[in-house]
Amino acid sequence: MTDLSDPTAAARAAATTINAEAGIEAHDIALVLGSGWGGAAELLGETISEISAADVPGFHAPAVEGHGATVRTIRIEASGKHALVLGSRTHYYEGKGVRAVAHGVRTAAAAGCENLVLTNGCGGLNRNWAPGTPVLISDHLNLTGTSPIEGANFVDLTDLYSPHMRAIAKEIDPSLDEGVYAQFRGPHYETPAEVRMAGVLGADLVGMSTSLEAIAARQAGLELMGISLVTNLAAGIQETPLSHAEVIEAGVAAAPRISRLLADIVSKL
Ligand code: 8IG
């Protein structure tokens, strides 16, 4: 088990392993693939190397079934750039601490990436977003009560979700909606009252990842975008209780379309 007591050193160690495995000096773009997004990698180009996340210093085996577990390097066919595809993430609700949550993003920066695409599956507050609808993240509400940043580092979060990258995404699919993502701690889903609260606060999407990673990414100097797959209407917005099976099912059904969308966006970066 890699010691994360020095997060920068841990990220450097992981990046060294990944770059060496791929036989390249640096990667260009990192992708974190959340629920439903696993199919995008194949469409990007040729996989140069793939290792189990468990073999990369500081990474953990995924806690949730349906989340991939490899770290892959892909040569993007359209641009010749190298994508670092993180098929799993550590969620804050796993209780491993914020260093574990931020490690993937910090590793991406240490591996040379300048751009980052964070994907997730989440609940939607907008009734017009049927399960399977992709939504660009315009901003977030971090409701976890914590930060991945340690010490007196007052990191600015203006335009955290790159307007430039969002514009590229909307060029590819002009029908893409945008929304504010609220990260709850989880792992329980929200109560209907909490979903109403999030709505009053300005949230359009509710999830359990992404915000903390985005903050760590900004600190690391990455230009990032976030894109959510609405796999369910948030609690109380839909009539029936939420189930993880339903989440997986919506992801599977939407996979071809959102994989194509993500690959097209990344090809333009
Ligand atoms: I997938 O409705 C998925 N992840 N917090 N709420 C929260 N996280 C989620 C949800 C949801 N759906």
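Here's a quick briefing on the ligand site and on the surroundings of Arg218. The model is predicted. The ligand takes up the space of the largest pocket, and the protein buries 95% of the 320 Å² that the ligand exposes when taken alone.

**Who surrounds the ligand**
- From strand S5 you get Gly121, Cys122 and Gly123 around the ligand, and with 3 residues S5 makes the largest contribution to the shell.
- Strand S8 (205-207) and strand S9 (223-233) also chip in, with at least two shell residues each.
- The rest of the neighbours include Tyr189, Glu190, Met208, Leu242 and Val247.
- Sorted by class, the shell is made up of 6 nonpolar, 5 polar and 1 charged residues.

**Polar contacts to ligand nitrogen**
- The side chain of Glu190 puts an N or O atom 2.4 Å from a nitrogen atom of the ligand.
- Asn232 also uses its side chain, with an N or O atom 2.8 Å from a ligand nitrogen.
- With Gly123 it's the backbone: a polar atom there sits 3.4 Å from a nitrogen of the ligand.

**Around Arg218**
- Arg218 is part of helix H6, which spans residues 211-219.
- Leaving aside residues up to four places away in sequence, Arg218 touches Val155, Asp156, Leu157, Thr158, Asp159, Leu160 and Leu224.
- Arg106 is 112 residues from Arg218 in sequence, yet their C-alpha atoms are 9.9 Å apart in space.

Methods. Residues numbered from 1 in each chain as written. Predicted model: local features only at pLDDT ≥ 70, side-chain atom pairs only at ≥ 80, totals over all residues. Heavy atoms only, no water. Near = heavy atom within 4 Å. Polar contact = N/O pair within 3.5 Å; in protein donor to acceptor, adjacent residues only side chain to side chain. Areas by Shrake-Rupley, 256 points an atom, 1.4 Å probe, with all protein chains shown as cover. 1 Å grid on protein atoms, 1.4 Å probe; cavity = no way out; pocket = protein on both sides within 12 Å on 5 of 7 lines; lining within 4 Å. Sits in = over half its atoms within 2 Å of the grid points. Helix = DSSP H or I, 4+ residues; strand = E, 2+ residues; numbered from the N terminus. Nonpolar A, V, L, I, M, F, W, Y, C, P; charged D, E, K, R; others polar. Contact = heavy atoms within 4.5 Å.
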